[in-house]
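Biologist: Could you take me on a close look at one part of this model, the place where protein and DNA meet? I'd love a connected walk through it, with whatever helps to place it in the whole.

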There are 2 protein chains.
Amino acid sequence: MDKIKNESSAEEKILAAAKKVFTSKGMAGARMQDIADEAGINKALLHYYFRSKEKLFEVIFFEAAQKLFPRINLIFESNSTLFEKIEKFTDEYITLMSENPYLPLFVLNEVSKNPEVFMKKIWGKQNIPQPQKFLTQIEREVKSGNIKKISPLHLLINLISMCIFPFVAKPMIQFTLGLDEMQFRNVMEQRKKEVAKFIIDSIKK
Amino acid sequence: MDKIKNESSAEEKILAAAKKVFTSKGMAGARMQDIADEAGINKALLHYYFRSKEKLFEVIFFEAAQKLFPRINLIFESNSTLFEKIEKFTDEYITLMSENPYLPLFVLNEVSKNPEVFMKKIWGKQNIPQPQKFLTQIEREVKSGNIKKISPLHLLINLISMCIFPFVAKPMIQFTLGLDEMQFRNVMEQRKKEVAKFIIDSIKK
DNA sequence: GTCTATAATTTGATAGAC
DNA sequence: GTCTATCAAATTATAGAC
């Protein structure tokens, strides 16, 4: 129970190192030796705590996937108004991505390399995003004439695209626009409001 | 999946096979044996035509990268009006991505794993996207009061995000929205007009 | 040019001392 | 729990026959 807080345990060091190596190199590109070096421990110790590379990867991947997805539901299923949901989503989601910039590309890439496994293991439970309520709400707002006529599906895709893509294309954006780390962070900070404003401007009457 | 034609030369068969394997598994995950099998030839022949795995990868990667990027410039640097450029960009770009759905994730992923090499080798020449003209055009339209006040930078990021992201997140979107291949294609076809309309609705006065 | 066989290297995983 | 040493399998690359 009484752990010295400054020193993390071997298991914690391994998990932190594995997260760093897997998210930057991917499952196929990561080396157990890289993770051991990064954790400052021996390679054999990885197998002592986590049976295999695949087991270790799954721990990191599922933690990442759950960070990326389920929070969407909390917003979609709340009782806020449409505009409130849009503002809340952009703010919270871009905040989350800013804290884990490598996460979206890592998860999307691994998912696309193994869609079947992804579906079964991650969303076999209760984590499936249920955008239906959000889609229905948009349709209702359109029909009641509160917003312009727009496809709920495309509005949803637009919202998510504008929040996540900048992190997927981070190195590309930084290079083409000549942004250093701090400038990139600032631009993402601005987007929390800019994206919501952009969307609302497009759909409000 | 495309069958590799019997009458094409060995080199062509290898390139087609390498494209398929590399874009689906990435550099680290691809196996020379996979490529040889896919091409219907022997593994040694890969090394006869292309010295090493890395050389073969570079051919595929640079071809893919050039398909993804330089066409942007043609639109950005044309003399069309802002609205025309937006409509042209969404239409042409989504068409291009629909023809190569695996390309964006492949390129973005490999770029992020090696940003330095990417910068030097791909854009050391004349292929660097020059969005400056487009950004200036937006600023001019804002100042002259033709469109709403908006950050040119964020408008550019929004435009590209909405065009490319759906292909990066293709498996995720298909699963959460329950779309088969044909339905996904149809949704992307709709987006050619929907995205342009969405943007123009947001910025027009 | 294309193949079979094999070398050389990398890498995930284990054995066993402490 | 942690280490060193080592195995076994996978994988890139080459040699040499045809």
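Modeller: Happily! Let's start at A:M32, where a backbone N or O atom lies 3.0 Å from a phosphate oxygen of DNA strand C. Please keep in mind that this is a predicted model, and that the distances here are computed from it.

A:R31 also reaches the phosphates: an N or O atom in the side chain of A:R31 is 2.6 Å from a phosphate oxygen of DNA strand C. A:H47 makes a side-chain contact too, with an N or O atom 3.2 Å from a phosphate oxygen of that strand. A:H47 brings us to α3 of chain A, which spans 43-49. This helix and α3 (43-49) of chain B are the elements that give two or more residues to the surface near DNA strand C. The largest share comes from α3(B), with four residues.

Stepping back a little, 14 residues lie around DNA strand C. The ones that come nearest are A:R31, A:M32, A:K53, B:N42 and B:Y49, so you will find both chains in that list. Of the atoms of DNA strand C that come within 4 Å of the protein, 66% belong to sugar and phosphate. If you sort the residues of this surface by class, you get eight nonpolar, three polar and three charged ones.

Now for the other strand. DNA strand D is surrounded by 16 residues, and the closest are A:N42, A:Y49, B:R31, B:K43 and B:K53. Sugar and phosphate make up 64% of the strand D atoms that come within 4 Å of the protein. Two backbone contacts are worth finding on your screen. In B:K53, a backbone N or O atom lies 2.7 Å from a phosphate oxygen of DNA strand D. In B:A30, a backbone N or O atom lies 3.5 Å from a phosphate oxygen of that strand. B:K43 offers a contact to a base: a polar side-chain atom of B:K43 lies 3.3 Å from a base nitrogen of DNA strand D.

On this strand, α3 of chain A and α3 of chain B each supply at least two residues of the nearby surface. Here α3(A) gives the most, with four residues. By class, the surface near DNA strand D has nine nonpolar, three polar and four charged residues.

To place all this in the whole, look at how the two protein chains are arranged. A turn of 180° with a shift of 0.0 Å along the axis lays chain A on chain B with an RMSD of 0.1 Å. The two copies are therefore related as by a two-fold rotation axis. In chain A, the C-alpha nearest that axis belongs to A:S202, at 1.8 Å. Both copies use the same surface, since 100% of the contact residues of chain A recur in chain B.

One last point you may want at the bench concerns disulfides: a search of the whole structure finds zero over all chains. The sulfur of A:C163 has its closest cysteine sulfur in B:C163, 16 Å away, which is too far for a bond. A:C163 counts as buried, because its relative accessibility is 1%. B:C163 likewise counts as buried at 1% relative accessibility.

Terms used. Residues are numbered from 1 along each chain as its sequence is written. Chains are lettered from A and ligands numbered from 1 in the order in which they are written. This is a predicted model: local features need pLDDT of at least 70, side-chain atom pairs count only at pLDDT 80 or more; totals for chains, interfaces and linings use all residues. Side-chain values use heavy atoms; hydrogens and water are left out. Copies are superposed by least squares on the C-alpha atoms of residues with pLDDT of at least 70 in both. Contact means heavy atoms within 4.5 Å. A residue is near a molecule or strand if one of its heavy atoms lies within 4 Å of it. A polar contact is a pair of N or O atoms within 3.5 Å; within protein, one must be able to donate a hydrogen and the other to accept it, and residues adjacent in sequence count only if both atoms are side-chain atoms. Ala, Val, Leu, Ile, Met, Phe, Trp, Tyr, Cys and Pro count as nonpolar, Asp, Glu, Lys and Arg as charged, and the others, Gly among them, as polar. A disulfide is a pair of cysteine sulfur atoms within 2.5 Å. Buried means under 20% relative accessible area, exposed over 50%, partly exposed in between (1.4 Å probe, protein chains only).
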